[in-house]
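Subject: Structure handover

Hello,

Here is the structure I promised to pass on. Please open it beside this email, and then read my notes below.

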Amino acid sequence: MEEQKSSLRQKPFWERQADPCEERAPSGPLVLVTHSTKGTRISALGADGFAEGLWLDMKLNDARAMLPHIRVETHDLAADEALQRRLAHWMMRYSPAVCAHGRDGFALDVAGCTHLFGGEAAMAKDIEERFARMGFACRLAFADTFAAALALVFHGREQVHMLPPGAALTMLDNLPVDALRLDEETLTPLKRLGLKRIGHVRPLPRMALERRFRETTKGRAKSRASGLSQSVQWRLDQLYGAMAEPLPWIEEPQAFRVTKPCPALALETGAIEIALHELLPALCDRLQKAGKGARQFRLTGYRADGGVSSVTAGLSAPTHEPPMIARLFKDRLDQIDCGFGIDLFVMEALNVSEQAAAQYSIIEAENAAFSLVSLSGFADVMANRSAGHNSVSRFAPCPSHVPERAQRFVPVNTAVNWRTWQDQQPVWAPRPLRLLPRPEAAQVTAELPDAPPVQFIWRKRLRKVVRARGPERILPEWWRDTLKTKRSALFRDYYDVEDANGLRYWIFRAIKDELIIDSDETQRVIRWYVHGLF
């Protein structure tokens, strides 16, 4: 007996006969299943599974009866949702408006974005290639409406559909009525009536469609037939753009965000203050470690009844100092509606930008702190207390070398980069501290037409010039000025002059060639103006 076993063990494997009762490893298509009260059903499968005759929502026992050797894995729906969210944020590279549809789809509003990728065809090719590199297959459709694109993706024959503007009436009529996204209770009567294509349903008047529904659904109330007809009409209007279809666009994720779950429901302002003082230092610590500051902070409370209430504080300059930010929230926490209780608080930093660390001397640090508290702090408090941030304004530089156009009023919480503007100004020709709203005419006496002024009369007073520096020539902006109508279109020669009383003025000489009346000749006209005070 031992010898017989030994001979069997030493027998080569290719001479052994396969045991019909031996269990083989699954080698068929892979299917993902979910377990519910309706049993175990297929929730996802690949192209090889569809080719074998399987379908979604099929019972696993029926699938195994058809293909005994299919591979079965449990479907992790939570992981799929997380992946879809990450892909939706990744799709923002093509459009800022992205919406997740179903469990495996996305809707993008690409109006005004396709030219950045070379057109719709180039964008579609780029999407396909990138998804293929990540291991995904996709179907694409470009259309005027979301409903039309969705109908072509699920019921069209091509891998990529591009519906020309205004071609929906002719190209969508051949699609089945299933593309209208109607429920089974509405689709069944339509198919019984022989209305199997969108082109069969679209020309029918609403009253005729409602009458057919009443004839087909016997025993139903008139209001029910009217509701079925109305649902069909709504879907048709959405398909052809007659009715807008709002979509839940996702928001760009905020990198700086902290949360605090509440062990007990927050019902009063005191609990909101506690949450603020716990969340704000943690958020500012993250900003400081990253070398960044924020110009807007938002505290949001998520209520137990599903509602959301938030309050926002804006600053005129990026910061990550908790005391300064907390002071802005102090008088606004009552704007958060606790409702039946808040169970989660979220603090977000918006409009985040770089904030380089700078080391000051003792005097510079005191001056910087005084400036920050006195000016920016005051402006931030006033802006947050008022109805809107536009109530407090500040100057911001403009890309113009004409002095009266070189700055404009902007809301106080608007980021202003004065260093770039200062770098563009000539060091040898400083600008005055006060610029008049508009240049004021002056009567100037000069030794020569092109020489600096010796004296001038401005606002009915004679001022004798003891020192003068210049000229600085500023040319007109030819792309926006008309030389015949605007004073800013004149050639200007600016002088920095000082009178006998020690007062300094910024005056300029405007040179213009004017046509002599009843003659083809021109004459040079020189006028002087006072534009600013040092």
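Buried residues make up 35% of the 534 residues in the protein chain. Please keep in mind that this is a predicted model. The chain holds 15 helices and 19 strands. Contacts with a separation of 6 or more were also sorted by distance along the sequence. Residues 24 or more positions apart account for 53% of them.

Now the details, beginning with a helix pair.

**Helices α12 and α13**

Helix α12 covers residues 269-289, and helix α13 covers residues 322-329. Two numbers are of use here. Packed helices are described by the angle between their axes and the distance between the axes. For α12 and α13 the angle is about 140 degrees, and the axes are 10 Å apart. Why is the pair called oblique? Angles over 145 degrees would count as roughly antiparallel, and 65 to 115 as roughly perpendicular. The angle of about 140 degrees falls in neither range, so α12 and α13 are oblique to each other. The crossing of α12 past α13 is right-handed.

Which residues make the contact? From α12 come Leu276, His277, Leu280, Pro281 and Cys284. From α13 come Pro322, Ile325, Ala326 and Phe329. By type, eight of the contact residues are nonpolar, one is polar and none is charged.

Cysteine 284 deserves a look of its own. This α12 residue has a relative accessible area of 2%. The cut-off for buried is under 20%, so cysteine 284 counts as buried. Leaving aside neighbours within four places in sequence, cysteine 284 is in contact with His320, Glu321, Pro322 and Ile325. Take the pair of cysteine 284 and isoleucine 325. They are 41 residues apart in sequence, and their C-alpha atoms are 9.6 Å apart in space.

**Helix α6 and histidine 161**

Is helix α6 enclosed or open? Seven of its 10 residues are buried, so α6, residues 146-155, is largely enclosed by the rest of the structure. The buried ones are Phe146, Ala147, Ala148, Ala149, Leu150, Ala151 and Leu152.

Leu152 also appears in the contacts of histidine 161. Histidine 161 is in strand β7, residues 160-162. With a relative accessible area of 12%, histidine 161 is buried. Besides Leu152, histidine 161 is in contact with Arg139, Leu140, Ala141, Phe142 and Gly156, leaving aside neighbours within four places in sequence. A polar atom of the histidine 161 side chain lies 3.0 Å from the backbone oxygen of glutamate 158.

**Two residues of strand β9**

Strand β9 covers residues 292-303 and includes threonine 300. Glutamine 296 is in β9 too. Is each one buried or partly exposed? Threonine 300 has a relative accessible area of 6% and is buried. Glutamine 296 has 24% and is partly exposed.

Both contact lists leave aside residues up to four places away in sequence. Threonine 300 is in contact with Val308, Ser309, Ser310, Leu344, Phe345, Val346 and Glu348. Glutamine 296 touches Thr312, Ala313, Gly314, Leu315, Glu348, Ala349, Leu350 and Asn351. Glu348 is thus on the list for threonine 300 and on the list for glutamine 296.

With asparagine 351, glutamine 296 also has a polar contact of 3.2 Å between side chains. Glutamine 296 and proline 318 are 22 residues apart in sequence. In space, the two are 8.2 Å apart from C-alpha to C-alpha.

**Backbone points to check**

Which residues have a positive phi without being glycine? Arginine 181 is one, with phi of about 60 degrees. Its place is the loop between α7 (168-171) and α8 (184-192). Arginine 181 is partly exposed, at 26% relative accessible area.

Arginine 459 is another, with phi near 55 degrees. That residue is in the loop between β15 (453-458) and β16. At 51% relative accessibility, arginine 459 counts as exposed.

Strand β16 itself covers residues 461-474 and includes proline 471. The peptide bond from glycine 470 to proline 471 is cis, with omega near 5 degrees.

Best wishes

Methods:
Residues numbered from 1 in each chain as written. Predicted model: local features only at pLDDT ≥ 70, side-chain atom pairs only at ≥ 80, totals over all residues. Heavy atoms only, no water. Helix = DSSP H or I, 4+ residues; strand = E, 2+ residues; numbered from the N terminus. Buried < 20%, exposed > 50% of the residue type's maximum accessible area, 1.4 Å probe, protein only. Polar contact = N/O pair within 3.5 Å; in protein donor to acceptor, adjacent residues only side chain to side chain. Contact = heavy atoms within 4.5 Å. Axes fitted to C-alpha atoms, helices over the stretch in contact; angles between N-to-C directions. Parallel < 35°, antiparallel > 145°, perpendicular 65-115°, else oblique. Left-handed = near helix turned anticlockwise from the far one by under 90°. Nonpolar A, V, L, I, M, F, W, Y, C, P; charged D, E, K, R; others polar.
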